[in-house]
Amino acid sequence: MAGYVAPREILFGRESVEQLSRLRGKRAMLITAGDKMEQRGFLSRALNALKRTGMETESHKAENREDPEACAQTGAAMLRAFMPDWIIALGSESVAAAKLMWVFYEYPEATLLDLQIPGSLPLLRRKARFAAVPGLDATVEAVSAFAGVAGSKNRAAWSLHGGEIVPDMAFLDPEMLAAEQAVSIAETAAAVFSRAVDAFTGKEHTPFIAPYAAEAARLVLSCGRNAMNGAPEALYALQHAQTLAGIAFSNALHAPSAAFARQTAGFFACAEKRQGTLALLFLPHLIRFFAEDGEAAKRYAALAGMLNIKGKTPLQAAENLAKTAERLRDDIELPGTLRKLGIDGLFFDQYLSVLSSRAAADSYATGGLRILAEGTAKELLRSAFGSEGS
């Protein structure tokens, strides 16, 4: 049976962090990652807002994120000692780790190996509810039904998935974007546009996906460059687009550009923090591949029409959408090939076979209207790597 998932409530606008004071419960645990939230004053603002609720409040910094299971189990142990009924991920960097901690808090016997089994996510909210306070994010996961797992010893990336890990509440505060660097803004814009296009054109196409995906893509095209220049309204629009794309993605289960991006990022150090760049780099190649299917071409044409991109035939509209993605990539100053990103050709050839296999098998890549076989994945990767001088 088809369904639809989204956060129960999304609060947005200036000083949204202070709206954490609306939460009600006995104890709240704030999860952060890195030092950004503390250095910019958001950690103290969030703690002060929570103290106004009368709840007992503690914070925990997610450490050792290169070992996701150890990071999550350490955090879950802190949660079990404190026993919060609210878990709050502060900053996009903390969201995936906080979601895993939440699962292990409620199910101490669970392991990451268990959670890799499709449909294995257990019922949550027996002990706690979950809130997210995201900044900008090149994985578009903050409000979504996904929690990415990367950094494993064999370089494989995968995601925990299920409606249970959609946050109960999300707080979108534009002040969290004020100090973002242009490269982070570009990475987010690239990820959002790619995820929106993929979500709109997946096999699971419903009226509950299309409006979110199309509006996310439109916002990126209209505000991406201005956001990179630091325009506050454009940054805020990008934050909205990120949220819309996350909701669309949750319900579409189709993101082949993200599949190629995260598997590639796991192999090459220069690409590790460039998943938005990678997604937008792969997107035009994937549009052209999927558009060879007539129904997929019609989907791309429908999205192109909503974005005021013309085409006399569905295939031509799909091609023009691919070209729009390439122009966006150039406009926000991102590299157009894996070679330009800095990936060494010898290393690329060394890992190409296993990378192709993993990209084709990635759960994000299996929801399209064409089967993306390993051989096709290899061709797409070679095309994306680029020729000498490209």
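A crossing of two helices is called left-handed if the near helix is turned anticlockwise from the far one by less than a right angle, and right-handed if clockwise. By that convention, the crossing of H6 and H10 is left-handed.

Some remarks on the basis of this. The model is predicted: local features need pLDDT of at least 70 and side-chain atom pairs count only at pLDDT 80 or more, while totals for chains, interfaces and linings use all residues. Residues are numbered from 1 along each chain as its sequence is written, and side-chain values use heavy atoms, with hydrogens and water left out.

Helices and strands here are DSSP runs, numbered from the N terminus (H or I, at least four residues; E, at least two). Helix H6, residues 182-200, packs against helix H10, residues 275-290, at an angle of about 35°, with the axes 7 Å apart. Axes are lines fitted to C-alpha atoms, for helices over the stretch in contact, and angles run from 0 to 180 degrees between N-to-C directions. Contact means heavy atoms within 4.5 Å. On the H6 side the contact includes Ala190, Phe193 and Val197; on the H10 side, Leu280, Leu283 and Ile287 are among the residues met.

I turn now to the sheet. Its 6 strands form an open sheet in the order E1-E8-E5-E4-E2-E3, with parallel pairing. Two strands pair if DSSP finds at least two bridges between them. E1 (9-12) and E3 stand at the edges with a single partner strand each, so one side of each is left without a neighbour in the sheet. The twist averages 20° from one strand to the next.

Which strands pair with E2? Strand E3, residues 56-62, does so over 7 bridges, and strand E4, residues 86-90, over 4 bridges. On the E4 side, isoleucine 31 has alanine 89 as its bridge partner, and methionine 29 has isoleucine 87. Helix H3, residues 68-82, lies across E2, E3 and E4 and runs at about 170° to E3.

Within E2, residues 27-33, I would single out threonine 32. Is threonine 32 buried or exposed? Threonine 32 counts as buried because its relative accessibility is 6%; buried means under 20% relative accessible area, exposed over 50%, and partly exposed in between (1.4 Å probe, protein chains only). Of the 7 residues of E2, 6 are buried. The bridge partner of threonine 32 in E3 is lysine 61. Leaving aside neighbours within four places in sequence, threonine 32 also has Met37, Leu43, His60 and Leu90 among its contacts.
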